[in-house]
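Open the model in your viewer and keep the selection tool at hand. The tour goes stop by stop: select, look, move on.

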Amino acid sequence: MKWAVVVFPGSNCDEDAVSAITEVTGDGVDKVWHTTRDLSGYDAIVLPGGFSYGDYLRSGAIARFSPVLAGVQEAAAAGKLVLGICNGFQVLTEAGLLPGALLRNDHLQFRCELTPLQVVSNTSAFLSDYEVGEVIQMPIAHGEGRYYADEQTLDELTAAKRVGVRYLRNPNGSLRAIAGVVNGAGNVFGLMPHPERAVAQWMGSSDGRRMFLSMKRFVEDNQVAVQSDGRVDFLATRAEKVGVGQRHGH
Amino acid sequence: MPKYVARVQVQLKASVFDPQGHAVEQALHSLGHHGVGQVRMGKSMEVHLEAADVSTATDLVRQMCETVLCNPVIETFNFTLTTEQDNQPAVLAQPSTTAAGGQDPK
């Protein structure tokens, strides 16, 4: 499969993402500049961490209007996988591809540390290789990672099993300790922790590897069918694969 | 075309905790300002623009607020518009139309 890592002015985790994907999956990865409009040649698109456009106005607020985001929107609607890490998560919420927003940490500190996460749901393309309830370690590195959404949205996310991972020790005041959420169709995921910085034991954790492997397996095992009403269906091409069936979403 | 200045104020919604405002509040208390209650930080922006008339300018600024300057999931906005020349108020304060609860886009 073919991966794209988007590079905005101010991205700083793009090289890490490329290295991690290359090393973990062995697939081809292109770095794609923010002025690129057409992403149709890619199966998975990663929006990396950093400070896109200096995080001016709000984190992700300016990046959302860059040409590449139109390509990301189209890819998401076509059932391609989109993963937003840290600043990438902020961009996806600003773009309306994921619900909620990420605010200044409640204690105002920038936190950079390995942090334990619990896998809340593994039904998305990004977490199928993890067990529900499993505790994994990934680093965080952010000053604005406090997840916020109104109560109704939080209830809906919880009920629909769209909270992918949550913090065991809430490092930023996120509501319901949410660290990552998935969209309704299950093909767009954003999280504040950095899976690309947790792909080898010498990094302190290799728990991030399975996120990229889950995505790879999902792309290789599923065919995308976009219905006339815009609904995206994923049809398993290999029946024996556990955790990947037919999914619906809007 | 007439020139206008919009003064846009963006605030976090009351339901959203504002740690910066809280830090300032504590600093004021430590300086002896015990009468200070809550402090809320916000953003202030001055947008200079040309438009055919006041009503067009108002619509344009509202559109800017709704699409870029304010994130309705967490913030509300408010703006006043003055003519650039005489700095006279052209329209009254324009608040966010909806209290815009955070919506789930997908």
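Select strands β6 (residues 111-119) and β9 (residues 163-167) of chain A. This is a predicted model. β6(A) and β9(A) pair in the antiparallel sense, over three bridges. Which residue of β9(A) stands opposite A:L117? Show side chains and find A:Y167 there.

Keep β6(A) on screen and add strand β7 (residues 135-142) of chain A. β6(A) and β7(A) also run antiparallel, and eight bridges join them. To find your place along this pairing, select A:T115; opposite it, in β7(A), stands A:M138. While the side chains are on, recall that in a regular strand they alternate between the two faces of the sheet.

Next, select helix α4 of chain A, residues 151-159. Which residues of α4(A) are buried? Colour A:T153, A:L154 and A:L157. They lie on the same side of α4(A), because they cover an arc of only 100 degrees around the axis. The general rule is handy here: an α-helix has 3.6 residues a turn, so residues three or four places apart point the same way.

What do the buried residues of α4(A) pack against? Bring back β9(A) and add β10 (178-182) of chain A; these two strands are the partners.

Now turn to the face of α4(A) that points away from the buried side. Exposed residues sit there: A:E151, A:Q152, A:D155 and A:A159. Then step past the end of the helix to A:K161, which follows α4(A). Check its backbone: phi is positive, near 55 degrees.

Switch to chain B. Count two helices and four strands. Walk along the sequence and the order reads β-α-β-α-β-β. Chain B has 106 residues, and 21% of them count as buried. Turn to its contacts with a separation of 6 or more: 62% of these join residues 24 or more positions apart.

Last stop: show both chains and select the contact between them. How many residues does each chain give? Chain A supplies 23 residues and chain B 14 residues. On the chain B side, pick helix α1 (residues 19-30). α1(B) gives three residues, the largest share of the side of chain B that touches chain A. Colour that side by class: eight residues are nonpolar, four are polar and two are charged.

Methods:
Residues are numbered from 1 along each chain as its sequence is written. Chains are lettered from A and ligands numbered from 1 in the order in which they are written. This is a predicted model: local features need pLDDT of at least 70, side-chain atom pairs count only at pLDDT 80 or more; totals for chains, interfaces and linings use all residues. Two residues are in contact if their C-beta atoms, placed from the backbone, lie within 7 Å. Ala, Val, Leu, Ile, Met, Phe, Trp, Tyr, Cys and Pro count as nonpolar, Asp, Glu, Lys and Arg as charged, and the others, Gly among them, as polar. Two strands pair if DSSP finds at least two bridges between them. A residue is buried if 20 or more other C-beta atoms lie within 10 Å of its own, exposed if 12 or fewer, and partly exposed in between; C-beta atoms are placed from the backbone. The arc is that of the directions from the helix axis to the C-beta atoms.
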